[in-house]
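Reader: I am new to this structure and would like a close look at a single part of it. Could you take me slowly through the sheet and whatever packs on it?

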Amino acid sequence: MRDRAKRLAPTWLLLASAATFAAPAEPPVEADWILAKIARPAPARTPFVEVRGSKLLKSPLRLAGEYRRPDADTLVREVRSPYAETTTLRAGEATIERAGQSPRTFPLSRVPELAGLQNSFGALLGGDHASLQAHYRLQADGTRQRWTLTMTPKDAALASKVQSIVLNGRGAELRCIQTRASGNGETQRTLLAGAAQEAAKADDAAALAALCEGAPAR
């Protein structure tokens, strides 16, 4: 028995040493930490690539452009490809401009998706925690190195159009906003910052989804 104990001793010592020097597990990320890190005071701007899937399309429609927040009360979404269109959200109204057409202005209450855009993306960039919590239920998952923040609409009008909005990020970088529609469950992905720049190398929906999750483009 003593001989057997001597033979086993080195194994137990190795296990004990591994346990002693193992790196501590990173604590779960919190919603307040995410919101504080991704806030960008006005003026701010970020490139985006938006991918829209539909059963009516043979392949997803890909839009590219830039989001701008010139001041705390204004959010501008400028599409540059494959067509040119600028949407400005300010003071409860949306103004849409296209080349060769007169600008159209209407209240955001008529289009809950655009109201949701201002209440979500605009509030995210502005670090407006109170507004986000007033309009959405927030659930954070992952770690500070790679996290997700799921936003579920509280407003019935928006919930009838949008099931959830999932943010994906790494550290202080918000890489992707995934909006899942109510009913058909189709997902619209908006890649931002570094993910938007890497999207040029992604040629299918699976590769774009991987970029949202933080994987590099191949």
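Author: What follows is a description of the sheet, its strands and the helices that pack on it. This is a predicted model, in which local features need pLDDT of at least 70 and side-chain atom pairs count only at pLDDT 80 or more, while totals for chains, interfaces and linings use all residues. Residues are numbered from 1 along each chain as its sequence is written, and side-chain values use heavy atoms, with hydrogens and water left out.

The protein chain has seven helices and 11 strands, where helices (H or I, at least four residues) and strands (E, at least two) are DSSP runs numbered from the N terminus. An open sheet of 11 strands, with antiparallel pairing, follows the order β6-β5-β4-β3-β2-β1-β11-β10-β9-β8-β7; two strands pair if DSSP finds at least two bridges between them. At the edges lie β6 (104–107) and β7 (136–142), each of which pairs on one side only. From one strand to the next, the twist averages 20°, with axes being lines fitted to C-alpha atoms, for helices over the stretch in contact, and angles running from 0 to 180 degrees between N-to-C directions.

Within the sheet, strand β3 (residues 74–81) and strand β4 (residues 85–90) run antiparallel and are joined by six bridges, and R77 stands opposite T87 in β4. Helix α2 (residues 31–38) packs on the sheet, touching β7, β8 (147–153), β9 (162–170) and β10 (173–181), and its direction makes about 100° with that of β8. Helix α7 (residues 205–213) also packs on the sheet, where it touches β1 (44–52), β2 (61–71), β9, β10 and β11 (187–192), and its direction makes about 60° with that of β11; contact here means heavy atoms within 4.5 Å.
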